[in-house]
Every structure is written in structure tokens, then in C-alpha cells.
Amino acid sequence: MSEEASSGFAIHPMDQFIVKPLFGGEHVAWYTVTNVTMWMAIAVLLIAALLMLGTRRRAIVPSRSQSIAELLYGFIYNMVEEVTGHEGVKYFPYVMTLFLFILFSNLLGLLPMAFTTTSHVAVTVILALMVFLGVTILGFAKNGIGFLGMFWVTSAPLAIRPVLALIEVISYFVRPVSHSIRLAGNMMAGHAVIKVIAGFATLLVASPVVIGAVTALYGLELLVACVQAYVFTILTCVYLRDAVGGAHH
């Protein structure tokens, strides 16, 4: 096979994750407007549009946008109340915002030629650190030094409590790492697999099989996009429960 022919079947699944400036040049600085910032802005605008349209006319017989907004509102509100208790409900707006941003970012990434912002650790680490720092500050603000009691397992024998305390401290500081990598890893892996399989569509013999496989994977990735937003949010609620006192009773 010639070099020209073989290049026709070249598959570069990771190219879709390259951060590119929107306005000239190749250098990316902290202030550069890139494809990442553009798609994050689109996600925010769509969220604002959905909520404004859904609450503009609060009719007894809801419109489609109102039904979606109310469904999302009720789903997250019940999650926050069940996991964190009544004390944690006051932080519902932040949890709701976090869930909608991740969900819309995940779903937008499934559009052709779109960019999956949540596939980048740089994005998910910031989201996870916001949760981690917020929960830690809130925990000390509400419980004082008593917040450290969550690391002291009183139900365990006294001799092994220091060891368990060390393990608890390590696991606490690992939270933002696992919280962020789980989301970014799942989104990146799914999109890369779809790109690889779709690349074989250039082989006409395999095209019907490939199209079926890509369709199935696309449906699976749609499910993963929703599940990962849910997982990130419910873990946020679990961490929030520690701060508002649920872990100290």
C-alpha cells in the first residue's frame, strides 16, 4: 500500500482534545479565548436560556421548557435534601449550577465538531477544587475545630484510631483528584473510542458494521454523559454533608 493510500486511513482520536486559540496565533495564555472557553460559554448561555424560558410563564399546564426546568430542579433538590439533610438545602443553588454546567458540557461535546470541555483535567480540577475548598472552609466555619472529628473513628479500637485517622486524612485530600479525574477520564475515553471506530468508516466494506457500532457507542456515551454529571453532583452532596454536620452526629 502506498504512503498516500495509507494516510487516508490515519486515525488521530486525540486531536479532538487539542486546545486551540480562536483568534490567530498558536500561543495559549491564561487570557486567550480558545475553543474550550467558547464551548463553556455556550453551555452557560444554554443553561440560562433554559431556566429563563422555563420560569418565564409558570403555567399550571407547563410548557416543554418549563417541564424540563422543573424536572431538573426537583431532581437535584431531592438529591441535596436526601443526602445532606435539611441543613444542606441552603446550598442547593450551587449544587444545581454545578450539575447543569457539567451535564450541558457533556451533552454539547456529543455534537459533531463540538469540543468536550469536561474531557480536560484543567476544567474538572477547577470544579473539584471549588467543591473541596468550599466544603473545607464551610466545615471549619460551622463546626470549628470539631470538623477534624470526622477523621477520628470513635467506633474503632483506640489502638488503631491513629492509623485510621492518617488514612482518613489522606483520602480526604485525594478527593479532588479522584473527583476530577473520574469525570475527565470517562469523557475522554468515550470520545476517543468513538473517533477510532468512526475512522474505520472509510473502509466501505466495514461501513454498515461501523455505523451500527458508532450508533450504539453514541447512545452509550449519551448515557455516560448524564451518569457522570450525576456522579459528580452526588459526590459533592456527600462531601457537603461532612461540612454541614452530618458526619459528626
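**Figure 1. The start of helix α2 in a predicted model**. At the start of α2, T34 reaches toward V36. A side-chain oxygen of T34 comes to within 3.2 Å of the backbone nitrogen of V36. The helix itself covers residues 35–56. V36 is one of the buried residues of α2, and so is N35.

**Figure 2. The length and the two faces of α2**. Helix α2 has 22 residues. From its first C-alpha to its last, α2 reaches 31 Å. That is close to the 32 Å expected at 1.5 Å a residue. Which residues of α2 are buried? They are N35, V36, W39, A43, I47, L50 and G54. These residues cover an arc of only 120 degrees around the axis, which puts them on the same side of α2. An α-helix has 3.6 residues a turn, so residues three or four places apart point the same way. Now turn to the face directed away from the buried side. That face carries the exposed residues L45, M52 and R56.

**Figure 3. What the buried side of α2 packs against**. The buried residues of α2 have three helices as packing partners: α3 (64–84), α4 (92–108) and α5 (121–143). W39, A43 and I47 are among the residues on the buried list of α2.

**Figure 4. Helix α5 and the glycine that follows**. Helix α5 has 23 residues. Its first and last C-alpha atoms span 32 Å, close to the 33 Å expected at 1.5 Å a residue. The buried residues of α5 are V123, T124, L127, A128, V131, F132, V135, T136, L138 and G139. What phi does G144 take, just after α5? It is positive, at about 65 degrees.

**Figure 5. An aromatic cluster**. F132, F140, F147, F151, Y172 and F173 form one aromatic cluster. F132 also appears among the buried residues of α5. The count of aromatic pairs comes to 11. The rings of Y172 and F173 have centres 5.8 Å apart and planes at 85 degrees, so this pair is edge-to-face. Are these two residues buried or exposed? Y172 is buried, with a relative accessible area of 4%. F173 is exposed, with a relative accessible area of 54%.

**Figure 6. R161 in helix α6**. R161 lies in α6, which covers residues 161–199. R161 counts as buried because its relative accessibility is 18%, and buried means under 20%. Which residues does R161 touch, leaving aside neighbours within four places in sequence? They are W152, V153, T154 and A156. With T154 there is a polar contact. The backbone oxygen of T154 lies 2.9 Å from a polar atom of the R161 side chain. F151, a member of the aromatic cluster, is 10 residues from R161 along the chain. The C-alpha atoms of R161 and F151 are separated by 9.1 Å.

**Figure 7. Two cysteines and the whole chain**. C226 is partly exposed, with a relative accessible area of 34%. C237 is buried, at 0% relative accessibility. How many disulfides does the structure hold? The count is 0. Step back to the full chain. Its secondary structure comes to 7 helices and 0 strands. Of its 249 residues, 37% count as buried. Take the contacts with a separation of 6 or more: 68% of them join residues 24 or more positions apart.

Key: Residues numbered from 1 in each chain as written. Predicted model: local features only at pLDDT ≥ 70, side-chain atom pairs only at ≥ 80, totals over all residues. Heavy atoms only, no water. Helix = DSSP H or I, 4+ residues; strand = E, 2+ residues; numbered from the N terminus. Expected span 1.5 Å × (residues − 1). Buried < 20%, exposed > 50% of the residue type's maximum accessible area, 1.4 Å probe, protein only. Arc of directions from axis to C-beta. Contact = heavy atoms within 4.5 Å. Polar contact = N/O pair within 3.5 Å; in protein donor to acceptor, adjacent residues only side chain to side chain. Disulfide = S-S within 2.5 Å. Phe/Tyr/Trp six-rings, centres within 6.5 Å; stacked < 30°, edge-to-face > 60°.
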